[in-house]
Amino acid sequence: MPRTAPRICPLCEATCGLTLTIEGTEVTGARGDRDDVFSRGFICPKGAAFGALDTDPDRLRAPLVRRDGQLREATWEEAYDAIAAAVPALVAEHGPRSVGVVLGNPNVHTMAGALYPPLLINALGTRNLFTASTLDQMPKHVSSGLLFGDPFAIPVPDLDRTDFLLVLGANPVESNGSLCTAPDFPGRLKALRARGGTLVVVDPRRTRTARLADRHLAPRPGSDALLLAALAHTLITEKLADPGPLAEHVEGLRELGDALASFTPEAVAPACDLPAAEIRALARDLAAAPTAAVYGRIGSCTVEHGTLASWLVDVLNILTGNLDRPGGALFPLAAAGPRPRPAGPGRGFALGRWHSRVSGHPEVKSELPSAALAEEIDTPGEGRIRALICVAANPVLSAPDGRRLDTALAGLDFMVSVDPYLNETSRHAHVVLPPPPPSRSAHHDFAFNGFAVHNQVRYTRPAVPLEADRLDECEIHARLVLAVSGMHGAAEPSAVDELAIRTTLAKETSDRHSPLHGADPEHLAGLLTGENGPERRLDLMLRLGPYGDRFGAPETGPADAVPGHAVPADAPAGPGAPDRGFGVTAHEAGLNLERLLAHPHGIDLGPLRPRLPGVLRTRSGRIELLPDPIAAELPRLRAALAERPAALVLVGRRHLRSNNSWLHNVPALVGGSNRCTLQVHPQDAARHGLTDGGRARISADGGSLDVPVEVTDTVRAGVVSLPHGWGHDRSGTRLSVAAADPGANVNQLLDGTRLDPLSGTAVLNAFPVQLAPLP
C-alpha cells in the first residue's frame with residue numbers, strides 16, 4: 001500500500017513543504033504539504049518532479065575510482081583509501097595551498113553541505129576556497145558586511161506586510177526568490193497588490209514578474225547602481241530622506257549626500273536610458289509609501305558595479321526609514337542560527353586579508369573568485385593547485401571560460417567530486433563520491449532560514465531508508481574529512497560530529513555572555529538527543545539558538561530585558577509583543593530537536609521583527625553608511641556616466657523548471673519554455689538579419705557560440721538573453737536526457753577578466769556581445 005511522508009523540497013530557495021507518496025522504496029508522487037507552516041500547500045514544477053529526480057536512472061549508485069585512466073565502480077572503502085593515499089601526501093609535499101575546494105550551489109540545499117565543508121577546509125588548512133557565491137550573491141555579502149559589520153546580516157523584504165515593493169534584477173515568479181526565502185512568491189506579490197500595495201519591477205526583460213507589476217521600468221542592463229544612486233540623490237536633495245528611529249544608529253549621512261552629488265536623475269538618465277522625470281517620480285513614490293522595501297538580486301549583482309548596487313539597495317531602505325521596520329526590510333532570526341548578542345561594537349568586516357597567487361585577487365569572506373580557479377590550476381609555480389575537492393559543483397558550466405577550466409581540471413594530480421552525477425566537471429575526478437537520492441536524506445534549511453520572510457523552523461527525517469550499499473550524505477562528508485586529515489581508518493565518522501559538538505560547547509561554556517558560562521561541556525553533550533551525529537548537532541544548534549531551551553539554563557538578555565517577566569502561552573507575536581529581550585516571545589522559546597520532531601510540519605516562530613542595533617558588528621557599533629571601500633569605488637561609477645554604452649549586451653534569464661545546471665536531466669523539467677534560446681528583440685533581429693527559429697553566432701571576450709534564435713519583444717532593444725546552466729555536450733558524462741538537448745554554455749562567452757572588483761564576482765550580465773546570422 002502506498003504511504004505518505006513529509007519532506008522539505010531541496011530544489012530551490014523557496015523551501016516548500018512536500019507530501020511524498022511512496023510505494024515500497026520508490027517516490028511515486030509529490031504534492032504540496034497543506035499543513036506546512038510556511039508554504040501552506042504551494043508547490044512548483046520542480047517540487048512536483050521530486051520523484052523523477054529521486055529515481056533518475058543516471059544517478060550514480062556507487063563510488064567511482066579512476067584506474068588506468070578510466071572511472072570504474074568501486075567500494076566505499078576503496079574510494080576513501082584512494083583519497084587518504086593522495087591528498088595528505090600532496091599537502092605534505094607541496095603545502096596546504098596545493099589543494100583547492102569548490103563548493104557549488106546545491107550545497108546550501110542539504111544538511112551535509114551546511115555542516116561539513118567548514119570542517120573539511122579547516123582539516124586541509126587551505127586558503128584556496130571557491131564557491132558559487134562569486135557567481136551570484138557575493139556583492140550582497142560584501143555590502144552587508146561593510147554596512148552592518150556582518151556579511152550574513154542580509155535584510156529581506158517583509159513581503160506580507162509591505163505597501164510598496166521595488167524589485168531590481170530579480171524574477172521571483174520564475175526563480176521562486178533568492179536571498180529572500182518565500183514559498184509562493186507569486187501569491188505573495190498578488191496579495192500585495194490585492195491589499196492596495198504597489199509593485200514596481202526594474203528589468204530589461206518583460207518577465208512574468210514584470211507582468212504582475214503596477215509599473216515596469218526597462219533600463220539599459222548594468223545601470224542599476226546608477227539608477228539607485230539617482231534615487232538616493234533625489235531623496236536627499238528633495239529632503240525626502242527620513243531614517244526615523246534609525247537615525248541614532250546611522251553614521252555618514254552627510255558624507256553620503258556629498259558622495260552622491262554627481263548622480264542626479266538628469267546625469268544618469270542617458271546611461272540608464274530612462275527619463276529623468278520617471279526616476280524622480282519613483283523616488284518620490286518610494287518616500288511617500290506608508291511602508292516600502294527595495295529588493296535587488298542576481299541581475300543587479302552579477303554586473304560590473306554589483307556591490308555598489310547591493311549597497312544602494314539598503315541605502316534606500318535606510319534613507320526611507322524602512323530598514324528594520326515591519327513592512328520594510330528586516331533581518332530574519334533563524335532557529336539554528338547564532339544566539340543574538342548584546343548590542344555593541346564588533347570586529348567589523350575586512351576585505352583582502354590575503355590574495356590569489358596568480359592575479360592577486362583579494363579574498364572576500366574567506367573566498368577567492370571562481371573566475372580565478374582555472375589560472376590557479378594551470379599556471380606553473382609554487383602554490384599551484386594540484387588537487388581539487390569539488391562538492392556539488394559544476395564550474396565547467398557555471399564559471400567563466402569553461403573550456404580553459406575543462407583543460408585545467410584534466411591536468412590535476414588528484415581530484416575528488418562529491419556529486420550524484422558524472423557531469424561536465426566530475427568526469428575529471430579521480431574519485432567520485434555519490435550522495436543518495438534526496439528522499440533518503442534528512443533535511444533542515446540552515447542557510448535559507450536566515451533569509452526567510454517569516455520566522456519558522458522545520459525538519460524532516462529521511463522519507464525512505466538507505467539501501468545497505470549506500471552511505472548517508474553526512475557520513476560521506478564526515479569520512480572525507482577523516483580521509484584528507486590522515487585519520488582514515490583511525491576514527492569512526494561519528495567522531496567528526498562529536499568533535500564539532502565538543503568544540504562548540506567548549507566555546508559556549510567559556511563565553512561570559514552565555515547562560516551556559518561555566519557549565520560542564522561533557523555533561524551538556526550527554527543531554528543532546530538524536531539518532532546520529534548530524535541530528536545531535538542540529539539539536540545543539542537549536543538549543544543554543546535564539547529560540548532554544550539552553551539546556552534549561554536561566555535566560556539572559558540585554559540590560560533592558562525584565563528578569564522573570566512572565567509571558568502567557570497565548571501571547572501575541574510581532575511588534576510590541578512581550579519578549580525575552582531578543583525579540584523572542586516566551587511561547588516561542590524552549591526549542592530543541594525533540595520538540596521539533598513533534599511538529600512534522602514545522603513550528604511557526606512569528607513574523608520578522610526589528611532587531612537593530614543588536615545585529616550590528618561594525619567597529620563603531622553603528623550602520624556605517626559610507627564605508628571606505630564603497631567611497632573608493634564610487635569614482636569608477638561616476639566614470640560610467642560618460643561611457644559610451646555598447647550597442648548590444650547580454651543578460652541571463654531564469655526558468656521556473658530549472659536551477660542552474662543540475663536539473664536538466666529530469667525529463668519533466670526540460671522542454672517547453674525551459675529552452676536554451678537566444679532571445680532577440682525584433683528591431684535587433686531585423687538589423688542583424690536574424691529570423692525566429694533560425695540560428696545565430698554570438699561572440700564576446702571568451703569566444704563564440706552558435707545558438708537558436710527566439711525573436712520576442714519581451715526583451716528590450718539592444719539586449720539579448722541566453723539562460724545560464726546549459727552546455728551538456730561534452731563526452732564522458734552520464735546525463736542522457738541533458739545530452740540529448742545540450743544547449744550552449746553562455747559563460748563560455750566570458751574569459752574571466754570581467755569582475756566586480758569589491759566582491760570578485762564574475763560579470764555574467766550586461767556584457768557586450770556581437771551577433772551574426774548563420775545559414
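**Group meeting: a walk through a predicted model**

Hi everyone, let's start at the surface: the protein has an accessible surface of about 27600 Å², and 52% of that belongs to carbon and sulfur atoms. Those areas come from the Shrake-Rupley method with a 1.4 Å probe, and for residues only the protein chains shown count as cover.

A word on ground rules. This is a predicted model, where local features need pLDDT of at least 70 and side-chain atom pairs count only at pLDDT 80 or more, while totals for chains, interfaces and linings use all residues. Residues are numbered from 1 along each chain as its sequence is written, and side-chain values use heavy atoms, with hydrogens and water left out.

Now the overall picture. The protein has 26 helices and 29 strands; these are DSSP runs numbered from the N terminus, with helices being H or I of at least four residues and strands E of at least two. Its radius of gyration is 25 Å, close to the 28 Å that the globule rule gives for 775 residues, so the protein is as compact as a globular protein of that length. That radius is taken over C-alpha atoms, and the rule is 2.2 Å times the number of residues to the power 0.38. The C-alpha trace spans about 75 × 70 × 60 Å along the principal axes.

How much of the protein is buried? Of the 775 residues, 61% count as buried, meaning under 20% relative accessible area, with exposed being over 50% and partly exposed in between (1.4 Å probe, protein chains only). As for contacts (heavy atoms within 4.5 Å), take those with a separation of 6 or more: residues 24 or more positions apart account for 74% of them.

On to the interior. In soluble globular proteins, nonpolar side chains tend to be buried together. I'll use "nonpolar core" for a set of buried Ala, Val, Leu, Ile, Met, Phe, Trp, Tyr and Cys residues joined through side-chain atoms within 4.5 Å. The largest one here has 63 residues, and the members touching the most others are Leu-166, Leu-228, Leu-231, Trp-311, Leu-323 and Ile-623. Apart from that core lies another, of 54 residues, including Val-87, Val-101, Ile-121 and Leu-605.

Let's zoom in on two of those leucines. Leu-228 lies in helix H10, residues 224-237, and is buried at a relative accessible area of 1%. Not counting residues up to four places away in sequence, Leu-228 touches Leu-168, Val-294, Ala-309, Leu-312, Val-313 and Leu-316. On the same basis, Leu-231 touches Leu-166, Ile-279, Leu-282, Ala-283 and Leu-316. For a sense of scale, the C-alpha atoms of Leu-228 and Arg-427 are 43 Å apart, with their positions 199 residues apart along the chain.

Next, the rings. How many aromatic pairs does a search of the whole structure find? It finds 3. Trp-76 and Tyr-80 form a stacked pair, 6.4 Å centre to centre with 25 degrees between the planes. Rings of Phe, Tyr and Trp (its six-membered ring) pair if their centres lie within 6.5 Å; planes under 30 degrees apart are stacked, over 60 edge-to-face, and the rest tilted. Both Trp-76 and Tyr-80 lie in helix H3 (residues 76-94), 4 residues apart, about one turn of the helix, and both are buried.

Then there is Phe-148 with Phe-331: the ring centres are 5.3 Å apart and the planes at 90 degrees, so this pair is edge-to-face. Phe-148 lies in helix H6 (138-148) and Phe-331 in the loop between strand S14 (329-330) and helix H16 (373-378), so the pair ties together parts 183 residues apart in sequence. Phe-148 and Phe-331 are both buried.

We also have charges over rings, where NZ of Lys or CZ of Arg is within 6 Å of the ring centre and within 35 degrees of the ring normal. Arg-59 lies over the face of Tyr-421, 5.9 Å from the ring centre. The charged end of Arg-537 sits over the ring of Tyr-116, at 5.1 Å from its centre.

Finally, some backbone details for your torsion checks. A cis peptide bond joins Leu-612 and Pro-613, with omega about 5 degrees. Pro-613 is in the loop between strands S19 (603-607) and S20 (623-624). Arg-40, a residue other than glycine, has a positive phi near 55 degrees. Is Arg-40 buried or exposed? Arg-40 is exposed, with a relative accessible area of 53%. Lys-365 also has phi near 55 degrees, but counts as buried at 16% relative accessibility.
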